[in-house]
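User: Could you walk me through this model? I'd like to go region by region.

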Amino acid sequence: MRRLRRLSLLALLALLPAAAQASVTLVVDGVGDDLKGAVTAGVELSQYATREVSAAQVRRLYDRAPDQVRAALRPYGYYEASVDADLQPVGKDWRVTLHVKPGEPVKITGVNVALDAGAAAIGPIRGAQRAIEKLKGQTLNHGAYAAARDALSGQLTAHGFLGAKLVTHRVEVTRASHSAVIRLAWEAGPRYRFGAVHFEGSQFREGFLDRYVPFKPGDYFSQDQLLDLQQALNGADYFSVVNVLPNVDDAKDGTVTVKVELVPAKRTVYTGGPFIGTDTGFGLRGGIEKRWVNDRGHTWKNELVVAQRLKTLSTLYSIPLPGPNQRSLNVGANFRDANTTTSQSRTLELVGNETRLWHGWTRTLGAHALIGTFTVGKRGNEPDNAPGIERGRSKLLFAEAALARKKGDNPIFVRKGWSVNLAVRSTAGTLLSDTRFTQLTADAKWIRAFKGRNRLILRGSAGITSTGNFDALPPQLRFFAGGDRSVRGYGFQSIGPKNSYGRVIGGRNLLVASTEVEHYFTKNWGMAAFVDAGNAFSGTDYRPKIGAGLGVRWLSPVGMIRVDLGTPVHSTEKHGIELHIVIGPDL
């Protein structure tokens with residue numbers, strides 16, 4: 001009956017005028033969504049859902065559809081597919097239904113990969129080889145096979161085997177047993193090494209830029225190290241254009257020279273404008289930066305910030321030091337006048353340190369001298385002589401060692417990345433300081449995208465202080481919780497240990513954690529839901545405060561803008577909603 005119906009419909013098509021125009025609706029069933037997409041894309045009829053087609057064209061396309069379905073399924077391992085097609089008139093248009101039975105899939109029963117022992121001993125190359133070997137036992141998928149094969153070829157090139165050749169690449173399919181065997185063989189050839197690096201267009205004296213080269217002549221060629229060189233020169237902020245070009249085509253005696261084309265950036269940069277942050281209030285920011293002071297690469301940065309609750313004036317002069325690891329000597333000063341809801345401080349800080357790359361981290365070793373006055377235990381803008389407010393003076397000389405590292409796939413919008421900052425501060429004694437203290441801090445952030453337009457963001461902060469006289473520490477060396485980057489739903493630095501008058505004076509220790517999920521409706525707009533928990537505390541009396549809420553995310557031309565509404569959870573002391581606004585990068 002089905003065959004008779006098909007013949008009658010074809011006869012009807014033959015009787016229609018050749019000039020009659022119609023469209024075709026294609027329906028595919030019998031396979032899952034993943035295969036349905038491949039079948040639909042492989043059948044020519046799918047192109048005529050919105051295009052006019054004549055009766056003669058429908059007849060030709062309908063006849064070809066079964067073979068096209070079978071061809072579309074073969075790359076996914078289905079070599080024995082059967083198709084039962086059905087054609088029905090719908091007004092002046094047509095509906096074609098393809099009932100597909102994919103049949104038993106072809107399984108990969110053997111994988112043979114031949115590779116030179118020297119190349120296979122290199123970790124990333126061996127990893128790519130194992131990825132191919134793990135295809136054994138899986139359904140044959142030509143796309144997955146080709147991707148794994150090309151990944152191994154790419155790893156050979158990336159690690160210096162520039163003449164590597166794929167001499168065998170076969171997929172042997174036995175339809176009778178529904179099995180397939182993959183056979184691959186490479187001739188890796190010699191492993192190339194780096195030669196000299198030549199810089200063109202630099203504004204610096206000869207040899208200065210060698211500090212950014214992560215390899216030496218004679219080291220094995222590595223595309224990752226070329227990328228590190230590119231990123232280091234871009235990060236130095238000296239150049240507007242950086243092109244790292246290995247001279248692979250003219251490599252001689254197994255050696256590849258590298259040419260780096262450079263265009264100097266604008267030498268002096270002026271920045272400024274209004275900003276807003278719920279921790280600082282409305283303000284104006286202005287800065288002057290000399291990207292290079294001389295041909296030895298010295299830099300000088302100056303910034304002035306005038307906001308409702310924060311005023312700072314800072315200067316920093318950096319001197320690149322000779323040798324590897326991008327060493328720099330930095331000296332600077334910072335005047336700070338901060339006025340939060342719980343404290344007020346006015347301090348001058350002098351700093352000198354050395355920074356360098358250390359096993360992938362940025363390491364800082366230096367000393368700070370800090371003098372000033374402070375008030376803690378405030379509640380808003382009440383007078384300084386209110387009961388319970390504590391006042392003091394700071395005179396501290398302390399050393400600092402810090403490690404910082406971050407990694408992200410995109411500096412503007414991170415889909416996969418993380419950052420870690422570790423620091424220890426300590427006074428050498430009380431001869432030049434009002435008190436002796438040692439303090440350790442740690443901050444971490446982790447970002448992962450999942451299921452397309454979603455991101456999971458985890459954040460944590462911890463700190464511990466040992467001191468003989470906590471009252472002598474200024475607010476910036478005490479721990480508080482609450483605010484935009486702490487526990488949202490609470491005001492900036494409004495959480496922490498209290499004195500006998502019930503006023504927040506800060507604590508010796510800190511522990512804060514945050515979980516946030518973002519969903520983006522468009523490329524630039526999304527929303528977030530978050531839960532934060534933590535507190536500043538002294539001793540072992542840790543009682544975390546919890547805040548939760550929703551927010552809006554906008555990837556604006558000036559960077560990510562986050563607007564959050566948070567509220568305390570299970571709090572008997574604070575109620576209502578707190579607004580939080582943050583502008584800045586993810587990491």
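Here is a set of short questions and answers on packing, cores, annotations and a few single residues.

Analyst: Quick ground rules: this is a predicted model, with local features needing pLDDT of at least 70 and side-chain atom pairs counting only at pLDDT 80 or more, while totals for chains, interfaces and linings use all residues. Residues are numbered from 1 along each chain as its sequence is written, and side-chain values use heavy atoms, with hydrogens and water left out.

User: How are helix 5 and helix 6 oriented to each other?
Analyst: Helices and strands here are DSSP runs numbered from the N terminus (helices H or I, at least four residues; strands E, at least two). The axes of helix 5 (residues 123–133) and helix 6 (residues 142–158) come within 9 Å and cross at roughly 170°; axes are lines fitted to C-alpha atoms, for helices over the stretch in contact, with angles from 0 to 180 degrees between N-to-C directions. Angles under 35 degrees count as roughly parallel, over 145 as roughly antiparallel, 65 to 115 as roughly perpendicular and the rest as oblique. So the pair is roughly antiparallel.

User: Which residues in helix 6 meet helix 5, and what is the split of the contact into nonpolar, polar and charged?
Analyst: On the helix 5 side you have Pro124, Ile125, Ala128, Gln129 and Ile132, and they meet Ala148, Arg149, Ala151, Leu152, Gln155 and Leu156 in helix 6 (contact means heavy atoms within 4.5 Å). Ala, Val, Leu, Ile, Met, Phe, Trp, Tyr, Cys and Pro count as nonpolar, Asp, Glu, Lys and Arg as charged, and the others, Gly among them, as polar. The contact residues come out as eight nonpolar, two polar and one charged.

User: Which helix gives the most to the largest nonpolar core?
Analyst: A nonpolar core is a set of buried Ala, Val, Leu, Ile, Met, Phe, Trp, Tyr and Cys residues joined through side-chain atoms within 4.5 Å; buried means under 20% relative accessible area, exposed over 50%, partly exposed in between (1.4 Å probe, protein chains only). The largest one has 26 residues, and Val69 is among those with the most contacts inside it. Strand 2 (24–29), helix 2 (33–42), helix 3 (55–73), strand 4 (82–90) and strand 5 (93–101) each supply at least two residues. The top contributor, with six residues, is helix 3.

User: What does UniProt place at residues 26–102?
Analyst: Over that stretch the chain is 38% helix and 31% strand, with the end C-alpha atoms 18 Å apart. UniProt positions are in the numbering used here, feature names are shortened, and annotations may be inferred rather than shown by experiment. The unreviewed entry gives the feature "domain: TamA POTRA".

User: Is His178 buried or exposed?
Analyst: His178 has a positive phi of about 50° although it is not a glycine. It sits in the loop between strand 7 (165–174) and strand 8 (179–187). With a relative accessible area of 18%, His178 is buried.

User: And Lys451, buried or exposed?
Analyst: Lys451 also has a positive phi, of about 50°, without being a glycine. Its place is the loop between strand 21 (437–450) and strand 22 (454–467). At a relative accessible area of 76%, Lys451 is exposed.

User: How far apart in space are Lys416 and Ala428?
Analyst: Lys416 is in strand 20 (residues 416–427), and it touches Ile447 and Arg448, among others. Lys416 and Ala428 are 12 residues apart in sequence, and C-alpha to C-alpha the spacing is 41 Å.

How values were computed
Lists of a residue's contacts leave out its neighbours within four places in sequence.
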